[in-house]
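Reader: Could you take me through this model with some care, one topic at a time, and show how each answer is reached?

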Amino acid sequence: MLLEMNVRLRRGNFVLNSQLALDDTNTGLFGKTGAGKSTILGLIAGTIQPQSGRIVLDGKLLFDSRKGIMMPREQRPISAVFQTDITRSTESVYGTLTSAFNRTFAPRRLKLEFLIEILELEAILDCPLIQLSANERKRVTLARALLKSPRLLLLDETFASLGENYRSQLLPLLRRSQDELDLPILYASQSLGEILELTEQLIVMDKGQVLRSGSIGEIAKHTGVLRHLGVRQVDNIIPVTVICHDPSAGTTLAHCNGLHLALRIRPELPVNSQCKVVIRANDVALSRTYMTGISIQNQAKGRICALIDNNDSILVQIDCGWTILAEITRGACQQMALTEGQEVYCLIKTQAIIYLADLDILPHQRIVSYGNNYYYLALENAAANE
Ligand SMILES: Nc1ncnc2c1ncn2[C@@H]1O[C@H](COP(=O)(O)OP(=O)(O)OP(=O)(O)O)[C@@H](O)[C@H]1O
């Protein structure tokens, strides 16, 4: 285990009572505003001292109230980029970066020139920190944090504040950081989407407590957690291998493990090539028996492995060779008397299966039906015309 923490802290009315563990992978720290995410990062970095408990990193005590140990911030092999990193110093950007580079904790893993390039710092190298814009200061702070080659990097909503340009360049680097740089990241955010761009491992916090931790797949199985995470729509993403094309039926047949699917025809996809398709969970209907006399082309047989209570709806997790999530109403679940272990058929219309590669272009054009008439509308105009 990389980090183990079991602490208690009271600040005014806010009480943090948290036990958490991190291994050597990137982890997202999710919680609504005021949940205690920044406080957790501060406790690990050493900017906040808990009243009691223990924090251990890589077997070394950072804090132990019983033994009276509080390792100073500068000595902790941890770098952090906080929301409020305000450096009022007149030191130049180049000066602060080189001193971070020289104060490295471990063998250097990133080159100064590389970070100057991807964070576009060249033009501001001679500027004093005090004169930088908020975005420039954040980029310098991130470069400085990475240059120290810490054992753990703490980021507090950093992507959101950096902007799209840097995000697209930095994300691939940060995603690989745990493997290539031996640098796991703890990323705090209120946005699940932002966290999932970096990692699938989550710690979910609420009111100073850790509610759940684990992979998003594991966490999602608990009642109400998806709602808590702000998830409103569940999609199945399935990597399929093309088997053949059937022009007379207008379908391309593909499979993923034991799951066979009829997709919209794509003759340009070579046989045996791979692609990803998306099926919205609420586009999957369930049946206890195989249906005849029905237009639906896909009836995938599987076994229910979990029934996940999602407040108004039930997410049914079905093992069809590949796991499929079907979202149905609570009423439908009761009427069908669904239970774990039962066999069901997943009914999926061919037209409801979207090639993932098409998703980028789909939102720009859609059809809105007003009953008798159909209109092709650009997305920007759609809302105004609806
Ligand atoms: N210096 C302080 N003194 C007293 N209470 C504080 C102090 N700093 C933060 N708090 C309180 O601690 C709680 C947790 O704050 P924290 O900043 O850790 O939340 P957060 O999950 O990071 O929220 P956000 O996503 O909005 O940044 C909040 O209720 C906040 O008001």
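Author: What follows is a set of questions and answers on this predicted model, covering the ligand, one helix, two loops and the domains.

Reader: Which helix gives the largest share of the shell around the ligand?

Author: The ligand is surrounded by residues that include Arg-11, Gly-12 and Phe-14, along with Lys-37, Ser-38, Thr-39 and Gln-190. By class, this shell holds two nonpolar, eight polar and two charged residues. The largest share, three residues, is contributed by the helix that covers residues 37-45, which is H1.

Reader: Is helix H4 largely enclosed by the rest of the structure or not, and how many of its residues are buried?

Author: Helix H4, residues 134-147, reaches 20 Å from its first C-alpha to its last, close to the 20 Å expected at 1.5 Å a residue. Among its buried residues are Lys-138, Arg-139 and Arg-144, as well as Val-140, Leu-142 and Leu-147. H4 is largely enclosed by the rest of the structure, because the number of buried residues among its 14 is ten.

Reader: Is Ser-149 buried or exposed, and what is its phi?

Author: Ser-149 follows H4 and has its place in the loop between H4 and strand E8 (152-156). A residue is buried if 20 or more other C-beta atoms lie within 10 Å of its own; Ser-149 has 22 such neighbours and therefore counts as buried. Most residues other than glycine have a negative phi. In Ser-149, by contrast, phi is positive, with a value near 45°.

Reader: Where does Lys-207 lie, and how many other C-beta atoms are within 10 Å of it?

Author: Lys-207 is a residue other than glycine with a positive phi, near 50°, and it lies in the loop between strand E10 (201-206) and strand E11 (209-215). A residue counts as exposed if 12 or fewer other C-beta atoms lie within 10 Å, as buried at 20 or more, and as partly exposed in between. Lys-207 is therefore partly exposed, since the number of other C-beta atoms within 10 Å is 14.

Reader: How many residues of domain 2 are in contact with domain 1?

Author: The domain assignment of the protein chain gives domain 1 as 3-228 and domain 2 as 235-358, and their centres, taken over C-alpha atoms, are separated by 39 Å. The residues of domain 1 on the side that touches domain 2 divide into two nonpolar, two polar and two charged. Six residues of domain 1 take part in these contacts, and the number of residues of domain 2 that they meet is five.

Definitions and conventions:
Residues numbered from 1 in each chain as written. Predicted model: local features only at pLDDT ≥ 70, side-chain atom pairs only at ≥ 80, totals over all residues. Near = placed C-beta within 6 Å. Helix = DSSP H or I, 4+ residues; strand = E, 2+ residues; numbered from the N terminus. Nonpolar A, V, L, I, M, F, W, Y, C, P; charged D, E, K, R; others polar. Expected span 1.5 Å × (residues − 1). Domains from an automatic or database assignment. Contact = placed C-beta atoms within 7 Å.
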